[in-house]
Amino acid sequence: MRLLHKLIILIAAGWLCLAAASPAESVTVPERPARYVVDLAGVIDAETEAKLNGYLQELEQKTTAQFIILTIESLDGESIEDVALKVAH
């Protein structure tokens, strides 16, 4: 499978973790995360996290696009869109 397809699948998995999985108001995301993966739900194993961080660092270096993967434990009844907006602000 090509690298891009793997990355898309892993990104989709990250969004699924966000969708499936602390209340949005209590999500504390670092203002400037040190890495590209912020796994607050603890669902990404160390090897996968390292690979994702590598892929996303390469993406940023080659394209200047920045992408962060965030997992949380729960949407607390809110829509994924509302949680995403709150986290982004």
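**Exercise 1.** Classify alanine 50 as buried, partly exposed or exposed, and place this residue in the fold.

*Solution.* Alanine 50 has a relative accessible area of 47% and is therefore partly exposed, given that buried means under 20% relative accessible area, exposed over 50%, and partly exposed in between (1.4 Å probe, protein chains only). The next step is its location: alanine 50 lies in helix H2, which spans residues 46-63, helices (H or I, at least four residues) and strands (E, at least two) being DSSP runs numbered from the N terminus. Finally, the C-alpha atom of alanine 50 is separated by 8.6 Å from that of valine 37, a residue 13 residues apart from it along the chain.

The model is a predicted one, in which local features need pLDDT of at least 70 and side-chain atom pairs count only at pLDDT 80 or more, while totals for chains, interfaces and linings use all residues. Residues are numbered from 1 along each chain as its sequence is written, and side-chain values use heavy atoms, with hydrogens and water left out.

**Exercise 2.** Describe the order of helices and strands in the protein chain.

*Solution.* The protein chain contains 3 helices and 2 strands, and reading along the sequence gives the pattern α-β-α-β-α. Of its 89 residues, 25% count as buried.

**Exercise 3.** Identify the residues of the largest nonpolar core.

*Solution.* A nonpolar core is a set of buried Ala, Val, Leu, Ile, Met, Phe, Trp, Tyr and Cys residues joined through side-chain atoms within 4.5 Å. The largest one has 6 residues, namely Tyr36, Val37, Ile44, Leu52, Leu56 and Ile69. A second, separate core of 5 residues includes Leu70, Ile72, Leu75 and Val83.
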